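Open the model in your viewer and keep the selection panel at hand. The tour goes from the whole chain to one helix and then to the cores.

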Amino acid sequence: MDALSRAGPRRARGRLGAASPGARAAAAPWARFSAWLECVCVVTFDLELGQALELVYPSDFRLTDKEVGPGPPGSTRGPESSWSSPSFLCFRKAASATCRSLTPTQAALETLSSASAFGSVAGRGALGMPRTGTTTVGPPCRCKQVKDSSVKRGYFQKSLVLVSRLPFVRLFQALLSLIAPEYFDKLAPCLEAVCNEIDQWPAPMPGQTLNLPVMGVVLQVHVPSRVDKPEYSPPKQCSHENLLPAPVVLTSVHELDLFRCFQPVLTHVQTLWELMLLGEPLVVLAPSPAMSSEIVLALISCLQPLKFCCDYRPYFTIHDSEFKEFTTRTQAPPNVVLGVTNPFFIKTLQHWPHILRVGEPKMSGDLPKQVKLKKPSRLKTLDTKPGLYTAYSAHLHRDKALLKRLLKGLQKKRPWDTQTALLRRHLLELTQSFIIPLVRPGREGEGAEGHGPRLTPLPHQEHYMASLMPLQKSITPWKTPPQIRPFRQDDFLRSLEHAGPQLTCILKGDWLGLYRRFFKSPHFDGWYRQRHKEMAQKLEALHLEAICEAQNIETWMKDKSEVEVVDLVLKLREKLVQAQGHQLPVKEATLQRAQLYIETVIGSLPKDLQAVLCPS
């Protein structure tokens with residue numbers, strides 16, 4: 001242990017592993033490691049105290065008591081000496097941008113993380129803005145449990161945990177399956193060697209296929225990017241054909257095996273999809289932390305490509321600091337998907353509107369035994385049978401054809417990757433059909449009132465939202481850009497009659513009722529704020545382009561007061577800063593012209609104003 005704490009170059013870090021200003025040189029030796037992992041932890045379970053953080057590597061990385069939540073060590077069951085399945089600890093980490101510095105690659109991957117639903121922020125409001133300033137990071141872990149009569153619990157239990165801000169669950173599970181057995185055999189030297197190997201990995205650049213050597217094995221992975229199609233597709237083989245040993249190809253670094261996760265609830269996948277879409281509070285009671293975690297993560301991923309804007313806890317225990325908040329009956333349950341294993345929660349969370357109780361997977365013929373839909377009144381404190389306990393009635397009719405296809409695949413022993421692809425494609429098409437009226441471009445050149453072409457500013461803008469954009473001719477160089485019209489729910493609902501989800505989805509049902517409930521959910525709030533922000537940024541960019549394309553700036557300045565000219569300089573500078581920070585979608589030539597305009601305008605002012613605007 002002492003050798004490990006002294007090993008390796010230290011990283012100068014602030015709270016939550018953020019590199020402190022002026023310490024970049026010291027952080028450089030661990031820069032590649034930090035691109036993939038925050039740290040590696042060893043956690044020991046104590047019967048009285050719960051989990052105890054025994055070791056963190058690199059040794060100068062610090063997690064506060066508030067940031068370390070409960071984990072599976074106290075609930076993992078197994079034989080006298082065994083590895084439990086991968087499960088998840090919950091680390092609560094500060095999300096403030098002031099806590100750490102991000103490279104452009106890390107920022108892109110974290111954006112991708114939130115888009116793929118693995119970067120949930122506690123108490124997310126609109127646009128995923130954190131209200132509590134913390135994030136839930138559910139890192140994979142491996143637990144070892146050995147019978148030990150000297151321990152009060154009767155078992156010695158310890159976990160090896162990887163903490164990362166990236167949502168690469170499947171990659172880290174594969175990594176743990178290699179590291180954990182070796183670590184518990186050789187302890188500190190093994191962990192040090194592995195961390196040094198990871199520190200040699202190439203950066204996780206979006207869109208690239210990488211070979212990652214670790215412990216004599218090469219893992220070949222494809223780093224997801226925004227341009228990837230949101231459906232299952234195996235990674236392209238890397239050009240390194242002569243690698244020895246042959247690389248182990250991971251089909252995905254972040255996507256779970258949906259078919260395996262949803263085995264006991266296949267008949268209710270659509271109902272669960274609706275509950276996720278509406279941001280409803282849901283408890284998942286499973287027999288193990290691994291199963292609880294994977295079902296929760298599968299649920300929140302089934303809304304892709306719609307961003308998940310609620311909170312979720314893959315594994316929640318009575319030791320969690322928010323236990324009282326979640327179990328109180330004095331207020332409505334929060335918009336959280338909660339994964340638990342302790343049957344005690346059946347009683348304490350009985351007031352939650354939706355509880356999914358699943359047991360160990362059992363086969364019923366060719367199809368895994370399915371849980372039944374049950375009324376909440378049938379929920380018993382003890383010996384609750386598997387089922388989905390809810391009073392919710394689905395708005396859409398069940399897709400019986402999907403279940404038949406999946407059953408046929410089981411009968412033909414179709415590979416599970418193919419089954420997962422079928423299920424994921426179904427959920428993707430269902431979500432896309434729902435959001436097509438919100439995120440599919442309108443026909444360019446059509447205006448709502450026939451007053452000329454409207455702006456079609458973004459590839460993700462839909463017909464209705466495009467109608468809220470001002471006319472292109474209304475954007476002039478020397479006036480404030482016009483405002484975006486407000487989103488009127490009644491107008492949108494009327495537009496569904498001729499441009500609704502029925503055009504792309506065969507499912508029948510109360511689509512209007514589903515939209516009305518969606519408008520009250522955190523997901524609509526998050527979606528609308530994000531789209532409105534993108535539209536506003538596009539308007540600002542078009543306004544900047546209009547200014548830069550104007551040929552008569554000197555003419556404009558002739559009859560303007562110094563106050564108006566200075567105001568133009570300040571506004572141009574503000575737009576320039578936004579654009580240089582990639583907050584405005586403008587070309588480099590436009591930025592150069594804007595800078596030239598600023599210099600031209602300042603040069604026309606008196607020397608005293610020039611000194612104020614351009615201090616030496």
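How much area does the protein expose, and what share of it do carbon and sulfur atoms supply? The protein exposes about 29400 Å², and 53% of this comes from carbon and sulfur atoms (Shrake-Rupley method, 1.4 Å probe). This is a predicted model, in which local features need pLDDT of at least 70 and side-chain atom pairs count only at pLDDT 80 or more, while totals for chains, interfaces and linings use all residues. Residues are numbered from 1 along each chain as its sequence is written, and side-chain values use heavy atoms, with hydrogens and water left out.

Colour by secondary structure: there are 21 helices and 19 strands (DSSP runs, H or I of at least four residues and E of at least two, numbered from the N terminus). Of the 616 residues, 52% are buried (under 20% relative accessible area, 1.4 Å probe, protein chains only).

Next, select residues 269-277, helix H8. Nine of its nine residues are buried, so H8 is largely enclosed by the rest of the structure. After H8 comes Gly 279, with a positive phi near 65°.

Now pick Trp 273, one of the buried residues of H8. Leaving out residues up to four places away in sequence, Trp 273 touches Cys 302, Leu 303, Leu 396, Leu 427, Leu 430, Thr 431, Phe 434 and Leu 514 (heavy atoms within 4.5 Å).

Add Phe 262, Leu 356 and Phe 487 to the selection. With Trp 273, these touch the most other members of the largest nonpolar core, which has 72 residues (buried Ala, Val, Leu, Ile, Met, Phe, Trp, Tyr and Cys joined through side-chain atoms within 4.5 Å). Another core, of 36 residues, lies apart from it; select Trp 36, Leu 176, Ile 179 and Leu 212, which are among its members.

Notes:
Buried < 20%, exposed > 50% of the residue type's maximum accessible area, 1.4 Å probe, protein only.
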